[in-house]
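Please look at the sequence and the 3D structure together, and turn the structure slowly before reading on. The paragraphs below lead from a single pair of strands to the chain as a whole.

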Amino acid sequence: MKFRTLLIILLLFLSGCNLRVLDPQSDTAGIQTNLIYFSFAIMVLVLLTVFALLAVFLNKYRDDGSQEGIPKQTKRNKKLEIAWTVIPILLIAILAVPTTVVTMNQSPNSEAIHSPEDASPDEVFVDVQAKRYKWTFHYENGKTSSDLYLPEGASVVMTLKSEDVIHSFWVPSLGGKVDVLPNKENVYELENVKQGEYKGKCAEFCGTNHAKMRFTTYVVPEDEYREWLES
Ligand code: CUA
């Protein structure tokens, strides 16, 4: 197959996707994106170092025909051995600290559990209910909807639960996936959501129509949200 044909086929696969990842539209997603870029940067650093050394060694130790037989064999090099043990440990430690902090802060069951009574003014509480193959969003005043509506700039505290099997709540622009479990509530907070329209879907295979378990998140100005909520 020609390279160009292959490219076109690959492009067709790409174009089917309208969920945007690494396009953070909330503080929560922003922090997660930075973490991904940070680990990517460390990975690129390691990759470049290894490939640069590979290029140097390929050049330096190339068989130019001047040597006969097997080259001199060496064993043990304490400095090198310490270096390639300590450096990876350091890199993992550097990566582990921010990862742990972010995970603990954003963990679905950590500090986000507090009730509407002691909420701050910019907090909005939404109960998210998953059922094969539908999402239902319950708002504080009792209103329900099948698409998610949020006021701009809000911190959204979501209580996620499933009526049947395990689903996964995912609006990539606003934050990473969270499991929606049948026998345990998960709480997830999306901080400072920005105005816009974001696609969301179930990200855990839950049955034949799993792929159709989609919804849209509309983040609108505060007054528009109030108006919608009261309608
Ligand atoms: Cu619900 Cu997949």
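How many bridges join strand 6 to strand 7, and do these strands run parallel or antiparallel? Strand 6 (residues 167-171) and strand 7 are joined by 4 bridges, and the two run antiparallel. The model is a predicted one, in which local features need pLDDT of at least 70 and side-chain atom pairs count only at pLDDT 80 or more, while totals for chains, interfaces and linings use all residues. Residues are numbered from 1 along each chain as its sequence is written, and side-chain values use heavy atoms, with hydrogens and water left out. Helices (H or I, at least four residues) and strands (E, at least two residues) are DSSP runs, numbered from the N terminus, and two strands pair if DSSP finds at least two bridges between them. Strands of a sheet pair through backbone hydrogen bonds, either parallel or antiparallel.

Within the pair just described, Val171 stands opposite Gly175 in strand 7. Both strands belong to an open sheet of 5 strands, whose order is 4-10-9-6-7 and whose pairing is mixed. Strand 4 (148-151) and strand 7 (175-180) stand at the edges of this sheet, and because each has a single partner strand, one side of each is left without a neighbour in the sheet. On average, neighbouring strands here are turned by 20° against each other, direction ignored. Helix 4 (residues 222-230) packs on this sheet, where it touches strand 4 and strand 10 (214-220), and its direction makes about 135° with that of strand 4. Contact here means heavy atoms within 4.5 Å, and the axes are lines fitted to C-alpha atoms, for helices over the stretch in contact, with angles that run from 0 to 180 degrees between N-to-C directions.

Another open sheet of 5 strands has the order 3-2-1-5-8, again with mixed pairing. Its edges are strand 3 (144-145) and strand 8 (186-190), each of which has a single partner strand, so one side of each lacks a neighbour in the sheet. Inside this sheet, strand 1 (residues 123-131) and strand 2 (residues 134-139) run antiparallel and are joined by 6 bridges, and Gln129 has Thr136 in strand 2 as its bridge partner.

Turning to the helices, Val97 is found in helix 3 (residues 78-106). Val97 counts as exposed because its relative accessible area is 55%, where exposed means over 50%, buried under 20% and partly exposed in between, with a 1.4 Å probe and protein chains only. Asp23, in the loop between helix 1 (3-15) and helix 2 (27-60), counts as buried because its relative accessibility is 19%. The side chains of Asp23 and Gln25 are joined by a polar contact of 3.2 Å.

What does the chain come to as a whole? Its secondary structure consists of 4 helices and 10 strands. The radius of gyration, taken over C-alpha atoms, is 25 Å, well over the 17 Å that the globule rule (2.2 Å times the number of residues to the power 0.38) gives for 231 residues, so the chain is more spread out than a compact globule. The C-alpha atoms fill a box of roughly 90 × 50 × 35 Å, taken along the principal axes. Of the 231 residues, 31% count as buried.

Terms used: Polar contact = N/O pair within 3.5 Å; in protein donor to acceptor, adjacent residues only side chain to side chain.
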